Amino acid sequence: MEITRFGYYWLDTWVFANVIQLATQDFCLRHLNRTNDPCGRQFDQMTQAARSASANIAEGNSRHSTSRETEMKLTDVARASLAELANDYQNWIMLHESTPWSKLSPEYTEVNRIQLDHPTYKDDILHQSSFHILAQKHKFDTWLKCDDSLQAANCLLIMCNRLIMMLRRQIEHLLESFKEEGGFTEGLTTERLAYRTQQSVAKDAPFCPLCGKPMIKRVAKKGINSGKEFWSCTNYPNCNGTRKLS
């Protein structure tokens with residue numbers, strides 16, 4: 001029961017999003033003040049963008065069994081929120097007359113090669129998952145806890161872009177799964193058609209003159225026969241076989 005309820009807690013993307021959210025909250029508390037953010041607007045925007053990422057990953061995964069389409073849309077919202085947050089960190093770096101670390105720099109390489117541990121919860125999920133997230137966050141403390149805000153901003157920029165790529169792969173996987181299996185709505189349609197086919201066979205419905213499969217009653221929606229019932233092949237739209245209702 002707990003696993004079903006907390007399914008997204010096992011997602012590496014959700015764990016990493018929480019790491020970035022905590023790190024962003026800490027960054028804003030440490031480096032934003034009344035001088036560089038007098039109205040607190042940047043604080044709100046950055047912390048809300050970070051929260052949006054983890055929240056939408058969680059909500060999207062929670063809709064997995066009922067709407068694959070909604071899951072993909074919410075996961076993409078999380079990706080877009082991270083892109084917004086990454087832009088804020090890039091802007092912060094340039095505001096201080098600096099540029100983001102080059103991909104060839106030792107700093108970039110060192111941050112980028114840090115690997116997250118995959119969750120291995122057994123029970124007491126809320127406690128263990130919180131411990132796990134904090135443990136992953138501490139792997140980046142060398143830069144996140146540095147008094148130099150540029151060190152933290154560069155580290156978080158790399159983290160954001162890395163999670164964006166992870167979410168893109170997650171969306172691609174969801175799309176491929178949707179193509180193969182369909183979603184909740186498609187599943188209901190299949191079940192309903194199977195039930196109607198079973199009913200039709202039980203009532204000695206005729207068989208399709210084209211493919212030989214059982215037929216079911218449908219109502220014409222347009223044309224001269226609009227509103228009238230007719231026999232339609234259960235294999236429609238792959239088969240267009242019809243019969244008049246006697």
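A salt bridge, as the term is used in these legends, is a side-chain nitrogen of Lys or Arg within 4 Å of a carboxyl oxygen of Asp or Glu. The views below all come from a predicted model.

**Figure 1. K139 and D117 meet through their side chains in a salt bridge.** The N to O distance for this pair is 3.2 Å. K139 sits in the loop between α6 (125–138) and α7, while D117 sits in the loop between α5 (106–112) and α6, so the contact ties together parts that are 22 residues apart in sequence. How accessible are the two partners? K139 is partly exposed, at a relative accessible area of 28%, and D117 is also partly exposed, at 42%.

**Figure 2. D26, R30, K145 and D147 are joined into one network by salt bridges that share partners.** Take a look at one of the contacts, the salt bridge between D147 and R30, with 3.7 Å from N to O. This pair links distant parts of the chain: D147 belongs to the loop between α7 (141–144) and α8 (149–181), R30 belongs to helix α2 (residues 12–31), and 117 residues separate them. D147 is exposed, with 71% relative accessible area, whereas R30 counts as partly exposed at 35%.

**Figure 3. Within helix α4, D76 and R79 are separated by about one helical turn.** Their side chains form a salt bridge, and the N to O distance is 2.8 Å. Helix α4 covers residues 68–95, and the two partners lie three residues apart in it. D76 counts as partly exposed, with a relative accessibility of 33%. If you would like to keep a tally while browsing, a search of the whole structure finds six salt bridges.

**Figure 4. C160 is a buried cysteine, at 0% relative accessibility.** Which cysteine sulfur is closest to the sulfur of C160? That sulfur belongs to C155, at 9.6 Å, which is too far for a bond. The cut-off for a disulfide is 2.5 Å between the two sulfur atoms, so a pair has to lie within that distance to count. Searching the whole structure turns up zero disulfides.

**Figure 5. C28 is a second cysteine to visit, and C28 is buried.** Its relative accessible area is 0%. As a friendly reminder for this view, a disulfide is a covalent bond between the sulfur atoms of two cysteines. C28 takes part in none, because the search of the whole structure finds zero disulfides.

Notes
Residues are numbered from 1 along each chain as its sequence is written. This is a predicted model: local features need pLDDT of at least 70, side-chain atom pairs count only at pLDDT 80 or more; totals for chains, interfaces and linings use all residues. Side-chain values use heavy atoms; hydrogens and water are left out. Buried means under 20% relative accessible area, exposed over 50%, partly exposed in between (1.4 Å probe, protein chains only). Helices (H or I, at least four residues) and strands (E, at least two) are DSSP runs, numbered from the N terminus.
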